[in-house]
Amino acid sequence: GETVVIVGAGQAGGELATRLRQQGSEGRIVLAGDEAHLPYQRPPLSKGFLLGKMGRNELHLKPQATYERFSIELKLGARVERIDRDAHEVLFSEGSRLRYDKLVLATGGRARQLSFPGIDTSRLENVFSLRSIADVEAMHGQFVSGRHLVIIGGGYVGLEVAAAATQLGLRVTVIEAAPRILARVTGPEVSSFIEAIHRGHGVDFRQSAGVQGFELDESQRRVRRVKLTHGGGEEAIEADLVLVGIGLIPNTELATQAGLAVDNGIVVDEFARTADPDILAIGDCANQPSSYTGTRVRLESVPNALEHARVAAATLMGKQEPSTATPWFWSEQYDLKLQMVGLSTGYERCVTRGSIENRTFSAFYLKEGRILAADVIGRPADFMAARKMVSSRTPVDAQRLADESVPLGQCAV
Ligand code: FAD
């Protein structure tokens, strides 16, 4: 049989390896990853795992025994340095080589770092980012009640950490460059609702704020203050620790070096293939055509990693099963469960349904009278309906949509 080598033993790579066996693949499957852990879920890293409510083993996608039973060769703690397309080999940093017939890049991404002239931020002992188990383990000891945590970046990861940290008794300030938190992914109604929830838990915000630099202590290894410009003035916020949550950089270097197209992610077709028919790319690192937007997208979510692994497994089994899934995502902050479906970019109008005061409402994003996306808070039944309406771009009557007494199913026109 053929040898499939998967680089990146994360959410997408782990799913793909087991799926291939379940679908009857009989060749050699090697799952190689540079982290020392079995493939694991990242969402709890900023939630239950950070809070200490979940242990490492509970993060694993599958127990070790499953990989053994499926004859999936795990090569963990092993970093792939280079692809040799002519020889059909990958080269590991320790010097070994591995031949492939099919190669799947499932390399995810890394946290974007801040950089200031003259400061090597990666060497600061109280500045963190959050992508891996190792990142959380490095933070754990410093997440001590009473300390002041400054979070740079008001996206989902930053806000989830804010929620966890206040629950652990830390004081938290969130610094956001845009005029409001979550500006890239949600409408102003939802941003201000979430901001209010955080303020209710004591979180402080600086929005439209630009981080200018760090003031270090005598050791030059710790940040003492975060310097910002904000509201026309300057401010230096005392910090015991800093979390930088300013987005992700896709790990595309292997593809670039191998001469494959990269454009905000490794460029693949609807079957997850790069221009080299023997090399595929999936998950956070991949830029794929979306049947939902009609454009290319690079998505960063567990549902996308799983769906993309499904598409790649089909391709590797000689079938063609492009994705028709509508992107969706979730977040948990305090006792709130947020579910989002679709991408609201370019919406014309937001219609809310339910009670913002009671913390159970849905925000529907409309474009040309049709539902483009929805954010649902504490209304799981709405979410089920919203997924269908977003997927089919249902044309709706906005007045009925806003009226809870009209069942969602009867809001179509
Ligand atoms: P990853 O899971 O990142 O796996 C990639 C793996 O490849 C990594 O282990 C990496 O170290 C390895 N690798 C990279 N380069 C190499 C190399 N050269 N050689 C060997 N190995 C390599 N999504 C949601 O849907 N809901 C959530 O609530 C949510 N919360 C999140 C919270 C946090 C803190 C984070 C970080 C992410 C969250 N996500 C959430 C996003 C989700 O976890 C990712 O979209 C998902 O993990 C992507 O899977 P992946 O396999 O593409 O990448």
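These are my notes from a look through this predicted model.

**Record first**

I started with the UniProt entry, which is unreviewed. It places a feature "domain: FAD/NAD(P)-binding" at residues 3-309. I checked that span: its end C-alpha atoms lie 17 Å apart, and it is 21% helix and 29% strand. The entry also puts "domain: Reductase C-terminal" at residues 328-411. For residues 328-411 I get 22 Å between the end C-alpha atoms, with 20% helix and 42% strand.

**Around the ligand**

Next I looked up the ligand shell. I count 36 residues around the ligand, and the closest are Gly8, Gly10, Arg42, Gly108 and Gly283. By class, the shell has 17 nonpolar, 12 polar and seven charged residues. Which elements supply at least two residues of the shell each? I find helix 1 (11-22), strand 2 (28-33), helix 7 (302-316) and strand 22 (328-333).

**Helix 1**

Helix 1 supplies part of that shell, so I stayed with it. It has 12 residues and reaches 17 Å from its first C-alpha to its last, close to the 16 Å expected. Nine of its 12 residues are buried, so helix 1 is largely enclosed by the rest of the structure. I list the buried ones as Gln11, Ala12, Gly13, Gly14, Glu15, Leu16, Ala17, Thr18 and Leu20. What covers them includes strand 1 (3-7), strand 2, helix 2 (64-69), strand 3 (72-76), strand 7 (102-105) and helix 7. Strand 2 and helix 7 are in the ligand list too. Just after helix 1, I noted glycine 24 with a positive phi of about 95 degrees.

**Helix 4**

I then went to helix 4 (residues 156-167). It also has 12 residues, and it spans 17 Å from first C-alpha to last, close to the expected 16 Å. How many of its 12 residues are buried? I get 10, so helix 4 is largely enclosed by the rest of the structure. The buried run is Tyr156, Val157, Gly158, Leu159, Glu160, Val161, Ala162, Ala163, Ala164 and Ala165. The cover over these residues includes strand 10 (148-152), strand 11 (171-175), helix 5 (188-200), strand 16 (241-244) and strand 22. Strand 22 I had already met at the ligand. Glycine 169 follows helix 4, and its phi is positive, near 90 degrees.

**Nonpolar cores**

The largest nonpolar core has 71 residues, and Ile151, Ile152, Val161, Ala162, Val242, Leu243 and Ala374 touch the most other members. Helix 4 gives the largest share of this core, eight residues. There is a second, separate core of 43 residues, with Val4, Tyr67, Val90 and Val268 among them. As a reminder to myself, nonpolar side chains tend to be buried together in soluble globular proteins.

I also looked up the contacts of valine 242. Leaving out residues up to four places away in sequence, valine 242 touches Asn126, Val127, Val150, Ile152, Val223 and Val226.

**Phenylalanine 92**

Last, I picked phenylalanine 92, which sits in strand 5 (residues 89-92). Is phenylalanine 92 buried or partly exposed? It is partly exposed, because 17 other C-beta atoms lie within 10 Å, and a residue needs 20 or more to be buried. Again leaving out residues up to four places away in sequence, phenylalanine 92 touches Ala78, Arg79, Val80 and Glu81. I also took its separation from serine 25: the two are 67 residues apart along the chain, and their C-alpha atoms are separated by 25 Å.

Key: Residues numbered from 1 in each chain as written. Predicted model: local features only at pLDDT ≥ 70, side-chain atom pairs only at ≥ 80, totals over all residues. Near = placed C-beta within 6 Å. Helix = DSSP H or I, 4+ residues; strand = E, 2+ residues; numbered from the N terminus. Nonpolar A, V, L, I, M, F, W, Y, C, P; charged D, E, K, R; others polar. UniProt positions renumbered as here; feature names shortened; annotations may be inferred. Expected span 1.5 Å × (residues − 1). Contact = placed C-beta atoms within 7 Å. Core = buried A, V, L, I, M, F, W, Y, C linked by C-beta atoms within 7 Å.
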